[in-house]
Amino acid sequence: MIDDVKRPGNFRAILCWDQDRFGRFDSIEAGEWISPLRRAGVELICVFRGRINWDDFAGRMLYQITQEGKNQFLVSLSNNVMRGMLKQARDGYGKRRSPYGYDRVYFDEAGNEMHRVVGSARFAKPKGWKAKLAPSEAEQEVETIKWMFDAYANTDANSRSIASDLNRRGIKTRSGIDWQCQSVRVVLRNPVYIGTMIYGANPQGRFNRVGDGHLGGNEPVVIKNAHPAIIDKKTFDRVQQKLDARRRPNGRTRASDYLLSGLVICGNSGDRMCGRRASVGTNVQYYGARASNGAGQSEHCYSIRKDQLEPLVIGKIVGLLDTPNIKGQIETAIARRLKASATKTHDTKSLRQLIAELEKNIAKGVERLMLLDGENLEDASRMLADWRTQRRSLEEQLQASARNPSASPDHEAARVAAERSGLRETFALADPAALRAALASVIQDVTLYWTDGGPRKWRFQRGTIRLGGSLRLLASSTKATFCATPIDLANPFPSSSSPQGFFVMRKQQRCDRRTFIAATGAAASSMMLGNRRAWSEQERPLKLAIIGVANRGSSNFSAVASQTIQALCDIDHNYLQKAAEKYPKAAVYTDYRELLETESDLDGVVISTPDHHHAPAAIRAIDRGLHVYCEKPLTHTVSEARALAVAAKAKGVVTQMGTQIHAGENYRRVVELISAKAIGDVKRVHVWVGKGWGADSMPQPSGDPPASLCWDEWLGPAAERDYIPGLHPANWRRYRDFGAGTLGDMGCHYMDLPFWALQLRYPTTVVADGPESSPKFCPQGLKVSYRFAASDHHDDLELVWYDGNMSPRDLEGVKVPGGGVLFVGDKGMMIATYGDYQLLPAERFIDFNPPARSIAPSIGHHAEWLQAIRHGGQPLCHFGYSGPLTETVLLGTVAHQVGRSLRWDGQSMKFREDDKANELLTKSYRTGWEVRGAMATEVVS
């Protein structure tokens, strides 16, 4: 109201019931409220007293006297009421409603017990009767109170788990509703259960505050031994201490409230996922993680609901424990293990030889330790420590073989069976504290993976579990196929409790550095590797090199963090140092050519560099016979894309381009609908994105590069030039020597969908429309039209790309979002984004029944690549598919540079009768950075 009078308007009077609305208790406070209104010329009109003259001095004095009289009357009334309440409380009476676990017992004026009210029932007591609290005649309530305090004080249970357990057992509150964590905390905080009553602890106004029996004080009145206690004070005090220790001022849930606390890892960020609530004041709980792309960039949030993840993981474990005929399978597995162990243990001669060789290498390492500089001293010391640990382990094996030359398979089988039985009982009881301990003993970690669903939108994709202890033995004895398969959150509780679907693996990491290997000799390195556990070829962690560790590189190598990260490469020492801190045992490089020449036992590489480095790094890895995961676009030029596809096919390596959205469920559903001709035969496709990676000028060289940046290695195959600020780490996309603008950045993501759905290959014509082309920088907006000849999968087709400031707001009469794909068929249209699709016009598809799902859910884009390396085959975005896709995308950049319509012959990889355009299919390379076969003409099927 006061704010209203400060704004221009016609506010002239206040109409109210009576004048007390402006200060019922305090005349001074009333004056503070009224004065601003009076100064503004606002009149007060009361229903009973009419117009109040605020300008009359006598009237104002009379008003203050009246208000002060009312104030004193209310103070006296409150004092009298409080005196009566305190007297009743000291006599042990005074509770009008009984808390859970107590009844009200009524006594007459002579002190005789007259009536008992069980629970929260109401009772109209006769005049003169008084009530006391007594433990309830409902024994279940008293026992429940005792159990709640005992569980909280003496176990790891918390208010949420206690509430869940009560609800599971069918115990309700006095109101007949389910227990909530808040209602449990109210019980645990209430001193009534130790016989104490408190008045004035939660004051609602100035006159409710009492202290030490005196009115007007600031402390509550505490009356001990007011009624029989249910809980002893020692237990009550311990509960209060734990409640205070667990209190969170921001309302966030404690990590200990989560069964999988400490075990859950975000596969995208690589960090442990912390328990949290959706927001303060709600009961929705998540396992959540946050990861930033870099300084000044927005965070990515990853989360999964606690009530979806925990039952799913527990269901998988229970299914494993309940595997049919598990007893016989366990005995067979144990006999096989003991046989292998006996052969290894009894070969004491081999053990002694290994110990002797280790001692030799330790001595040699100590001698050469002084030859190393400070940079490598820490790694060398760590390696020596690893050798000494291995020597101790071998010595213990030698001693064990002397003490226990044989072991009983029956005894071991009985031991594992007993552990299985104990685990099964623990899971059946579902006690939170016991479950948490059991899960921690059998699970090494649970890794969760997401896919990008758009800005700040992430969809849970899949999860993996690593098992340990006896449960790992159970898993191996079932001979199940433990391959990573998706966890569908639309149906997070599958009917089958089979353990299949969780990738079971132990983490194995490399612990040497090439500098120390050179100093101590290759024999020492082979000695270390020879003493490791003998992994099967399909089970062992893959040895990977990460080329480019920041931004997309960080996300990519976090997604393969379950493997052995053997080498890291980046041209920025700041990024490289952070990655090396996370993987201290990995060798570090600033030039991937040196990495590929030095690391002789790699399985694959993950490439996340600027575009102009993709092909030089990938072709060298392929020539080495290494499997390759490379970010999009696959290459910088059209000819490089063909060269990589040809080389990968010839070498038989497993490849994957980093179009992560290809693994999304939405893309699969769209492909199924297009294949089923839900909108008929597709005639046109529009693909657009509002993002803009363009420029209107080329920045000029200035100053020296930062000390942390290897500028020459950053340039790589590009022409030598002085340092240009601002290109690194991301703005290089805007300039032709390093990137391909918005079309190169986003084309492989969005055009991937029509390529997949319509099984496109090579276009026949390409024409681009945009601003005048520059040989140095990319346009801020572009439109490219591709024509595809009819095939077995589509009729003659036009595909139109739009980006930047040429991105449309509506197409075919449909208002479109900021990025997506619009399929136009002869029976309707479909608009699709990363995470959703819509059939248009909507009224035509009201009764539409989508086809049955024919494309299996993805196990994850990176996991597809890893699994194909182990088990054979190719992931969906292998270079044979992503190469032609990248070619098509980059043809648009060529068409824009020449400024005319081009006719493309995909078989010969040439534009017809256009030499200038053909020159743009490839580029020049600095010596030492060439791409073999960059003008290959072979067509990859």
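This is a short tour of a predicted model, stop by stop, with residues to select at each one.

**Stop 1: the main core**

Start with Tyr 786, Trp 801 and Phe 823. Within the largest nonpolar core, which has 90 residues, these three touch the most other members. Now colour helix H27, residues 879–898. H27 gives the most to this core, with 9 residues.

Next, centre the view on Trp 801 and show its surroundings. Which residues does Trp 801 touch, leaving out those up to four places away in sequence? Val 687 and Val 689 are two of them. Thr 742, Leu 743, Met 746, Gly 747, Tyr 750 and Met 751 are also on the list. Leu 782, Lys 783, Val 784 and Tyr 786 complete it. Tyr 786 therefore appears twice at this stop: it is in contact with Trp 801, and it is among the three residues that touch the most other core members.

Another core lies apart from this one. It has 32 residues, and Val 264, Ile 314, Ile 317 and Leu 467 are among them.

**Stop 2: the loop at Arg 272**

Select Arg 272. It sits in the loop between strand E11 (264–266) and strand E12 (274–277). Is Arg 272 buried, exposed or partly exposed? It is partly exposed, because its relative accessible area is 45%, between the 20% and 50% cut-offs.

Add Asp 445 to the selection. Arg 272 and Asp 445 are 173 residues apart along the chain, and their C-alpha atoms are separated by 9.7 Å. The two residues are in contact. Beyond its neighbours within four places in sequence, Arg 272 also contacts Gly 262, Leu 263, Val 264 and Ile 265.

While in strand E11 (264–266), pick Cys 266. Its relative accessibility is 0%, so it counts as buried. Jump to Cys 630 and the value is 0% too, so this cysteine is also buried. How many disulfides does a search of the whole structure find? It finds 0.

**Stop 3: salt bridges**

Side chains of opposite charge can pair when their charged atoms come close. The structure holds 29 salt bridges. Three of them make good stops.

- Arg 116 and Asp 103: the closest N and O atoms are 3.2 Å apart. The pair links strand E5 (residues 113–117), home of Arg 116, to strand E4 (residues 102–107), home of Asp 103. Arg 116 is partly exposed at 24% relative accessible area, whereas Asp 103 is buried at 0%.
- Asp 165 and Arg 168: the N to O distance is 2.7 Å. Both are in helix H5 (residues 159–168), and because they are 3 residues apart, about one helical turn separates them. Asp 165 is buried, with a relative accessible area of 9%.
- Lys 306 and Glu 310: the closest N and O atoms are 3.5 Å apart. Both lie in helix H8 (residues 306–321), 4 residues apart, about one turn of the helix. Lys 306 and Glu 310 are both buried.

Then select Asp 611, Lys 632, Lys 691, Arg 733 and Asp 745 together. Salt bridges with shared partners join these residues into one network.

**Stop 4: helices H4 and H5**

Finish with helix H4 (residues 139–154) alongside H5. Their axes come within 10 Å and cross at roughly 145 degrees. The crossing is right-handed.

Show side chains at the meeting point. From H4, select Thr 144, Trp 147, Met 148, Ala 151 and Tyr 152. They meet Ser 159, Ile 162, Asp 165 and Leu 166 of H5. Asp 165 thus returns from the previous stop: it forms the salt bridge with Arg 168, and it belongs to the H5 side of this helix contact.

Conventions: Residues numbered from 1 in each chain as written. Predicted model: local features only at pLDDT ≥ 70, side-chain atom pairs only at ≥ 80, totals over all residues. Heavy atoms only, no water. Core = buried A, V, L, I, M, F, W, Y, C linked by side-chain atoms within 4.5 Å. Buried < 20%, exposed > 50% of the residue type's maximum accessible area, 1.4 Å probe, protein only. Helix = DSSP H or I, 4+ residues; strand = E, 2+ residues; numbered from the N terminus. Contact = heavy atoms within 4.5 Å. Salt bridge = Lys/Arg side-chain N within 4 Å of Asp/Glu carboxyl O. Disulfide = S-S within 2.5 Å. Axes fitted to C-alpha atoms, helices over the stretch in contact; angles between N-to-C directions. Left-handed = near helix turned anticlockwise from the far one by under 90°.
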